[in-house]
Amino acid sequence: MFTNFDDYVKDKLQQDAAFSKEYEQLKLPSMLALQVIKLRIDKGITQAQLAKLVGTQQSSISRLESMESLPSLSFLQKIADVLSAHIE
């Protein structure tokens, strides 16, 4: 029995090759999505407001935040500029 979700994931990564492969494929999109969401919320702006500042549609921000698509580096740079963040 696992005491928390992190322990479950660690065990599953070691025991299940398919889970491990899928986890690695989703690592970057989830990390990007979480950072954009956090920065956007910290700035107190909506997806629609961020989209307007970036010069895109709200649906593009939604797709990024829901991990439906990986954005281009230039799109990420625009978002980072608006949110006063750095891409590393």
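This passage walks through the overall build of the chain and then looks at three of its residues.

The model is a predicted one. Its chain is helices and nothing else as far as regular elements go: there are 5 helices and 0 strands, and read from the N terminus the order is simply α-α-α-α-α. As for overall dimensions, the C-alpha atoms fit in a box of roughly 45 × 25 × 25 Å along the principal axes. The radius of gyration comes out at 16 Å, whereas a compact globule of 88 residues would be expected to sit near 12 Å.

Burial and surface come next. Of the 88 residues, 25% count as buried. The chain exposes an accessible surface of about 6400 Å², and carbon and sulfur atoms supply 55% of that. Turning to contacts, if one takes those with a separation of 6 or more, 46% are between residues 24 or more positions apart. On the charge side, the tally is 10 positive and 11 negative side chains, with the centres of the two sets 8 Å apart.

Glu65 is a good residue to zoom in on. It belongs to helix H4, which covers residues 58-65. Despite carrying one of the side chains counted as negative, Glu65 is tucked away: its relative accessible area is 10%, so it falls under the 20% cut-off and counts as buried. What does the side chain of Glu65 pair up with? The partner is Arg40, through a side-chain polar contact of 2.6 Å. Arg40 also shows up among the residues that Glu65 touches once those up to four places away in sequence are set aside; the others are Ala33, Val36, Ile37 and Gln47.

Two further residues stand out for their backbone angles. Met67 is not a glycine, yet its phi is positive, at about 65 degrees. This residue sits in the loop that links H4 to helix H5 (73-82). Met67 has a relative accessibility of 36%, and because that value lies between the 20% and 50% cut-offs, the residue is classed as partly exposed.

Ser84 is the other case, again a residue other than glycine with a positive phi, here near 55 degrees. Its place is in the segment after H5. Is Ser84 buried or exposed? With a relative accessible area of 57%, Ser84 is over the 50% cut-off and therefore counts as exposed.

Notes. Residues numbered from 1 in each chain as written. Predicted model: local features only at pLDDT ≥ 70, side-chain atom pairs only at ≥ 80, totals over all residues. Heavy atoms only, no water. Helix = DSSP H or I, 4+ residues; strand = E, 2+ residues; numbered from the N terminus. Rg over C-alpha atoms; globule rule 2.2 N^0.38 Å. Buried < 20%, exposed > 50% of the residue type's maximum accessible area, 1.4 Å probe, protein only. Contact = heavy atoms within 4.5 Å. Areas by Shrake-Rupley, 256 points an atom, 1.4 Å probe, with all protein chains shown as cover. Charge placed at Lys NZ, Arg CZ, Asp CG, Glu CD. Polar contact = N/O pair within 3.5 Å; in protein donor to acceptor, adjacent residues only side chain to side chain.
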